[in-house]
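This briefing goes through one protein chain, topic by topic. Please look over the sequence and the structure before reading on.

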Amino acid sequence: MGIHGLMSYVGEHKQFFTDLQLRNTKIIIDGNNLFHRLYFESNLDLQHGGDYDSFTDIVHKFFETLSVCKIYPYVVLDGGCDLSDKKFATLKERARDKIQVAYSISRGGGGSVLPLLTREVFKQVLTKLEVPFVQCFSEADRDIMSLANHWNCPVLTLDSDFCIFDLKAGYCPLNYFQWRNLCTCEGTLDCYIPARCFSLERLCSHFSHMNKALLPLFAVMNGNDYINLPALETFFSKVRLPVGGSGWRGRKHVRIQGLLNWLSHFADPTEAIDNVLKYLKKHEREEIRELLCSSMEEYEQSDVNLEDFFQNGTYESQVTRKLELPQWMLEALAKGHLSPFISDALLLRRTILHVQVEHMQRPSAHTVALPIRQVIYGLLLNASQNSEVTSPSKQSNKLPIVREFDRIQKTLKKSFVPTTMLPLDFCEDHRPLAILTEVPRSDRLKLLLKTLGVKASILQPIPNPLWLPVAVTCYWTHYSEPKVKLHHLQALLLGMVFGELHRTTSSPDSAVFHVKDKMVYDQFLKWKEKNFQKLLDLDTAHTFCQWQCCLQMGLHLNQLLSTPLPEPDLTRLYCGTLVHRLCKELKSGYAAENLLLSSPKMNQLYCDLLHAVKSTVPLDFFQETTKTTKSCKNKQTTSQAETTRQHATLEAQPVCDVNNRFASLMVED
């Protein structure tokens with residue numbers, strides 16, 4: 001959530017905080033706030049699609065620092081959109097703002113737009129570090145409050161709503177959490193992190209010892225992400241708020257200061273609401289009373305027992321019980337094995353596609369992945385036509401529709417996207433969603449590969465962790481617009497090799513580590529660290545944004561099908577600054593194999609990757625010819641390569657042809 005202007009207001013009043021030396025404690029961490037802050041405050045690249053490897057290193061360092069101080073983190077992530085849609089207007093407004101910010105970044109301006117796969121990378125790092133985390137069913141704030149109070153431990157976030165929640169051990173704002181400034185207790189070897197803790201008691205004491213129960217009413221009246229009542233402007237225009245001495249900070253802080261002062265005169269929320277309603281028209285009063293009271297409930301503890309989840313893996317709430325979702329899906333959502341994108345599509349029949357730093361004059365980068373999304377929608381909605389979740393389609397022969405919100409140029413637009421009719425050999429037994437996990441792996445794999453337009457045989461020479469990225473890359477090469485050029489593909493695959501180089505060079509196993517690999521890895525790092533010109537190559541950026549969109553939806557589909565292909569390691573799969581640098585050098589004539597001369601093993605991996613992708617396109621698809629393609633092509637005979645191409649092209653067409661993606665798509669403002 002978030003209360004307009006409150007975080008900056010309390011930040012100007014040091015008397016509302018106590019200094020902490022944080023150590024030897026559990027702490028509940030707002031995961032969404034944390035991964036945003038760690039990425040943005042670390043000056044990581046924002047123009048080139050994300051440096052996920054550098055972000056991974058920062059997340060590692062953060063949790064290692066907590067461990068040194070014997071701080072035991074429990075991370076709580078937001079889930080999908082609230083089923084009541086109370087926040088939808090706010091979400092759309094944020095999406096519009098992000099489009100403008102992404103445009104600014106693409107032109108060399110300022111702003112912050114999170115790279116597309118950051119959340120997935122963050123979850124993978126948590127899993128590797130064995131940091132316990134949960135993905136809530138919707139917004140996590142109330143669940144965080146309930147768990148923190150149950151365990152009597154502080155909350156780490158940067159959300160002004162936590163200035164309203166009555167937390168037993170307090171709220172530590174991330175901007176005062178000095179985890180990079182590790183300190184040692186005097187006279188001991190114990191370490192601690194300097195922090196500040198917001199004190200609700202100090203805030204209330206400052207305002208004539210006001211009743212804490214009045215603060216939710218303050219939040220609702222001041223305006224938060226869920227409610228902004230125009231009728232209350234009548235109240236503010238008529239009432240004389242006792243501002244006190246801080247009116248110089250501007251209108252927003254005048255209102256905050258004055259409203260808190262005004263509310264402090266009342267004993268409880270009931271008395272305060274009665275006095276608010278006196279300033280409104282009589283016919284509005286009861287409706288506004290109900291809205292105020294219902295909105296204040298957002299600051300009460302939730303019915304979700306997260307302790308039960310962290311101890312037993314069980315996540316239950318009144319909402320999930322009413323929906324009667326399959327148990328496997330509830331567990332997968334709570335464990336982060338399924339994205340909130342999935343629950344939004346299933347329950348709301350609506351998704352918001354997040355903008356990247358792309359070419360705004362071209363169609364959205366998400367367009368290329370539309371057929372993959374349609375298969376996801378088909379699995380969720382066609383397969384569950386007999387469930388309570390999708391009851392509107394019970395009596396209809398029409399394919400279910402999902403509303404997608406995405407950009408068209410620099411404007412947020414809504415599209416009505418029909419689901420894909422699944423292949424008969426997959427749905428002939430009418431696979432209901434409840435037993436999707438029981439479908440044989442061979443059938444699930446067949447649907448995944450058919451959607452991506454590849455055959456399993458081309459993946460055999462590739463290491464297992466790269467099967468899904470290579471399959472996605474084949475799909476992207478076929479359908480990206482503008483057309484993928486050879487230097488784009490080479491740079492992307494070399495980026496994957498860079499990830500493998502990191503694995504081998506950081507391994508303590510002497511059988512894995514090779515000095516020659518270290519030499520090549522260091523050379524890649526030098527390429528990565530080269531400075532870029534201010535202006536971004538927009539077409540190149542757009543091409544790689546499309547690849548990330550394809551990978552994101554390939555991941556979601558693979559997860560929904562219970563991972564018939566291994567989950568790839570995203571932490572080292574794509575490094576935007578390196579890939580863009582390599583792309584520029586390759587375009588200017590630099591030979592790709594020169595980077596890998598010192599490591600025959602990595603050169604072989606690169607050639608295998610390149611051949612796998614090229615085997616799925618016609619011989620003349622890439623007009624450029626380079627030494628790299630010739631050397632890699634010699635690994636197999638021309639006739640073998642042509643045979644593979646014919647099989648891949650003729651027998652593995654995608655379920656939904658991307659070239660017909662607009663045939664039944666309706667768009668409106």
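In which helix is the place of His-580? His-580 belongs to helix α24, which covers residues 576–587. The model is a predicted one, and the chain it describes has 27 helices and twelve strands. Of the 669 residues of the chain, 59% count as buried, and among the contacts between residues at least 6 apart in sequence, 76% join residues at least 24 apart.

**Surroundings of His-580**

- His-580 counts as buried because its relative accessibility is 7%, below the 20% under which a residue is called buried.
- Leaving aside residues up to four places away in sequence, His-580 touches His-48, Phe-532, Leu-536, Thr-540, Ala-541, Phe-544 and Tyr-574.
- Ala-541, one of these contacts of His-580, is also among the residues of a nonpolar core of 15 residues.

**Nonpolar cores**

- The largest nonpolar core has 207 residues, and within this core Phe-63 and Met-329 are the residues with the most contacts.
- Met-329 touches Leu-338, Ile-342, Leu-346, Leu-380, Leu-433 and Leu-560, when residues up to four places away in sequence are not counted.
- Apart from the largest core lies another, of 15 residues, and among its members are Ala-102, Ile-352, Val-355 and Ala-541.

**Ala-102 in helix α4**

- Ala-102 lies in helix α4, which spans residues 88–106, and this alanine counts as buried because its relative accessibility is 0%.
- Beyond residues up to four places away in sequence, Ala-102 touches Val-113, Val-355, Gln-356, Val-357 and Met-360, and Val-355 is listed together with Ala-102 among the residues of the 15-residue core.
- Ala-102 and Leu-114 are twelve residues apart along the chain, and their C-alpha atoms are separated by 9.5 Å.

**Packing of helices α2 and α3**

- The axes of helix α2 (residues 31–41) and helix α3 (residues 52–68) come within 10 Å and cross at roughly 115°, and the crossing is right-handed.
- On the α2 side the contact is made by Leu-34, Phe-35, Leu-38 and Tyr-39, while Phe-55, Ile-58, Val-59, Phe-62 and Phe-63 make it on the α3 side.
- The residues of this contact divide into nine nonpolar, no polar and no charged.
- Phe-63, which takes part in the contact from α3, is also one of the two residues named as having the most contacts inside the largest nonpolar core.

**Cysteines**

- How many disulfides does the chain have by the sulfur-distance rule? The count comes to zero disulfides.
- The cysteine sulfur closest to that of Cys-549 is in Cys-545, at 6.7 Å, and this is too far for a bond because a disulfide needs the two sulfur atoms within 2.5 Å.
- Cys-549 counts as buried because its relative accessibility is 0%.
- Cys-474 is likewise buried, with a relative accessible area of 0%.

**Backbone features in loops**

- A cis peptide bond, with omega of about 10°, joins Glu-481 and Pro-482, and Pro-482 has its place in the loop between α20 (467–479) and α21 (486–505).
- Asn-24 has a positive phi of about 50° although it is not a glycine, and this asparagine is in the loop between β1 (17–22) and β2 (25–30).
- At a relative accessibility of 46%, Asn-24 counts as partly exposed, because the partly exposed range runs between the 20% limit for buried and the 50% limit for exposed.
- Ser-562 also has a positive phi, of about 60°, although it is not a glycine, and the place of this serine is in the loop between α23 (538–560) and α24.
- With a relative accessible area of 27%, Ser-562 is partly exposed.

**Ala-591 after helix α24**

- Ala-591 is found in the loop between α24 and α25 (600–614).
- Is Ala-591 buried or exposed? Ala-591 counts as buried, at 14% relative accessibility.
- Ala-591 and His-487 are 104 residues apart in sequence, and their C-alpha to C-alpha distance in space is 9.9 Å.

Note on methods: Residues are numbered from 1 along each chain as its sequence is written. This is a predicted model: local features need pLDDT of at least 70, side-chain atom pairs count only at pLDDT 80 or more; totals for chains, interfaces and linings use all residues. Side-chain values use heavy atoms; hydrogens and water are left out. Axes are lines fitted to C-alpha atoms, for helices over the stretch in contact, and angles run from 0 to 180 degrees between N-to-C directions. Helices (H or I, at least four residues) and strands (E, at least two) are DSSP runs, numbered from the N terminus. A crossing is left-handed if the near helix is turned anticlockwise from the far one by less than a right angle, and right-handed if clockwise. Contact means heavy atoms within 4.5 Å. Ala, Val, Leu, Ile, Met, Phe, Trp, Tyr, Cys and Pro count as nonpolar, Asp, Glu, Lys and Arg as charged, and the others, Gly among them, as polar. Buried means under 20% relative accessible area, exposed over 50%, partly exposed in between (1.4 Å probe, protein chains only). A nonpolar core is a set of buried Ala, Val, Leu, Ile, Met, Phe, Trp, Tyr and Cys residues joined through side-chain atoms within 4.5 Å.
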